[in-house]
Amino acid sequence: MRLRPEPLWALSLYPDAGEGGGCLSVPRRVLPSGGPPNVERAAEEAGRRARGKIRRYAAANRLNRLGTLTYRGRGCHEPLLLREHLASFFRELRGGIGGRLAYVWVPQWHPGGHGLHAHFAVGRFVPRGLIERAWGHGFVHIKLLDGLPVGSGTLAEARLAARYLARYVGRDLDDERRLAGLHRYEVAQGFQPAKVECYGHSAEDVIEHASGYMRSAPERVWLSSSVEGWRGPPACWAQWD
């Protein structure tokens, strides 16, 4: 007789970002076709995934300097043009500092009708004069997120920057102005956080394995079992400081 495999939990740990998330592996089922797609839920899931990736990328690379790039005059209303300008902007920054540069940026439609502007985060000092010359289309703002409680380090600062940027990757970008195929955010290549897979037979099991790798217990733990009406497979998440 063929034995049914025991349920297996898998958790993806990102050590440099200090967090990991996982779920119970559920066998795929063939769902009946013909039903209308749940567009709202799909948008929610896409936004959730994008926010998680931004958070891990920013944390792993300690992106604790937050900036905003705006346009003068009538502004920019062309998403593709914004991306051209930003590609040139970051090339100029890399040339100006003479090396590689980790960054993440997200677009935002100005609520007042001025068109697009961009928010970005970097993890090292860049002279303001260089930022202004590299942008050249309007106005810049940049600040170090150092107003956290005493004892907070660059990891906490980077997580704060990520929370700010994550506001702009939700469903508000899924309107008629967002061109199909354009990403909700962009990052510098070559800086993706490393991932370690942890396996076990329960959420507590995989979190314990991850804690052994991190050499400490997590500061925060979330379990889907604590959420009433949870619709997805059983899941867990943990974060280390």
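Glu19, Arg55 and Arg56 come together in a network of salt bridges, and that network is a good place to start in this predicted model. Take the link between Arg56 and Glu19, where the N to O distance is 3.9 Å. With the cut-off set at 4 Å, this pair counts as a salt bridge. Arg56 belongs to helix α1 (residues 39-60) and Glu19 to strand β2 (residues 19-24), so the contact joins distant parts of the chain, 37 residues apart. How buried or exposed are these two partners? Arg56 has a relative accessibility of 18%, and because buried means under 20%, Arg56 counts as buried. Glu19 is buried as well, with a relative accessible area of 1%.

Now move along to helix α3 (residues 128-135), which holds both Glu132 and Arg128. These two sit four residues apart, about one turn of the helix, and they form a salt bridge whose closest N and O atoms are 3.0 Å apart. Both ends are partly exposed: Glu132 has a relative accessible area of 41%, and Arg128 comes to 39%.

Our last stop is the pair Asp241 and Arg220, a salt bridge with its closest N and O atoms 2.4 Å apart. Arg220 is in strand β9 (residues 220-223), while Asp241 lies in the segment after β10 (235-239), so this bridge ties together parts that are 21 residues apart in sequence. Asp241 is exposed, at 60% relative accessibility, whereas Arg220 is partly exposed, with a relative accessible area of 35%.

If you would like to trace the rest yourself, the count for the model comes to six salt bridges.

Conventions. Residues are numbered from 1 along each chain as its sequence is written. This is a predicted model: local features need pLDDT of at least 70, side-chain atom pairs count only at pLDDT 80 or more; totals for chains, interfaces and linings use all residues. Side-chain values use heavy atoms; hydrogens and water are left out. A salt bridge is a side-chain nitrogen of Lys or Arg within 4 Å of a carboxyl oxygen of Asp or Glu. Buried means under 20% relative accessible area, exposed over 50%, partly exposed in between (1.4 Å probe, protein chains only).
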